[in-house]
Amino acid sequence: MSADQSRIAYEDFIARAAAVATALREISKAPADAGLDKGLLELVKIRASQINGCAFCLQLHLNFARKLGVSAAKLDLVAAWREAGDRFDAREQAALAWAEAVTRLESGAASDADYEAVRAEFGEDEALYLTVAIGHINLWNRLGVALRFVPPAVAA
């Protein structure tokens, strides 16, 4: 099987693992329901998906971000957000740094210093739900990469 062939279509995964899909959808709702900005959540999902190389999740969340009105300037530079000047506000920068720390779990990642930095911008519950969102997209990334989900079409 070549790298461009899906091992299972996303739609088939959803149908065949319906209980898993339902549980993952419920987890997905919780951070926004807890009050986190949906655009900010899409940015962290995009960043984690870039790090993990999940084309399916990357395209899906770029599409969602565009629908929500996240600016093209942010979407174009999210991979290089640290060098993007003032395109990302302090809250977005803290969330993106936390997304990187939680996604890259090598030695020293998600340190106390990383957590203190995210807590400087987010309340305790917000930081908790942000962490849930990042963990959740990392699970989807692993499914998408392992099963080679084909990326969705680019949204207009």
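1. The residue T103 belongs to helix α6, which spans residues 90–103. The model discussed in this note is a predicted one. T103 is buried, because its relative accessible area of 6% falls under the 20% limit for that class.

2. The surroundings of T103 deserve a separate remark. Leaving aside residues up to four places away in sequence, T103 touches A48, I51, N52, I134, N138 and R142. One of these, N138, also takes part in a polar contact: the side chains of T103 and N138 approach to 3.0 Å.

3. The remaining points concern charged pairs. Six salt bridges are present in the structure. Three of them are described individually below, followed by a network.

4. In one salt bridge, the side chain of E26 pairs with that of K29, with an N to O distance of 3.0 Å. Both residues lie in helix α2 (residues 18–33), three residues apart, so about one helical turn separates them. E26 is partly exposed at 46% relative accessibility, and K29 is likewise partly exposed, with a relative accessible area of 43%. Each value lies between the 20% and 50% limits, which means that neither residue is classed as buried or as exposed.

5. A further salt bridge links K45 with E42, whose closest N and O atoms are 3.9 Å apart. That distance is within the 4 Å cut-off, so the pair counts as a salt bridge. The two residues are three apart in helix α3 (residues 38–52), and hence about one helical turn from each other. What are the relative accessibilities of K45 and E42? K45 has 8% and counts as buried; E42 also has 8% and counts as buried.

6. R91 and E126 form a salt bridge as well, with their closest N and O atoms 2.7 Å apart. Here E126 lies in helix α8 (residues 124–147) and R91 in helix α6, so the pair ties together parts that are 35 residues apart in sequence. E126 is partly exposed at 25% relative accessibility, and R91 is partly exposed with a relative accessible area of 27%.

7. There is also a salt-bridge network: R47, R82 and E100 are joined into one through salt bridges that share partners.

8. Helix α6 thus appears twice in this account. It contains the buried T103, and it contains R91, the partner of E126 in a salt bridge.

Technical notes
Residues are numbered from 1 along each chain as its sequence is written. This is a predicted model: local features need pLDDT of at least 70, side-chain atom pairs count only at pLDDT 80 or more; totals for chains, interfaces and linings use all residues. Side-chain values use heavy atoms; hydrogens and water are left out. Helices (H or I, at least four residues) and strands (E, at least two) are DSSP runs, numbered from the N terminus. Buried means under 20% relative accessible area, exposed over 50%, partly exposed in between (1.4 Å probe, protein chains only). A polar contact is a pair of N or O atoms within 3.5 Å; within protein, one must be able to donate a hydrogen and the other to accept it, and residues adjacent in sequence count only if both atoms are side-chain atoms. Contact means heavy atoms within 4.5 Å.
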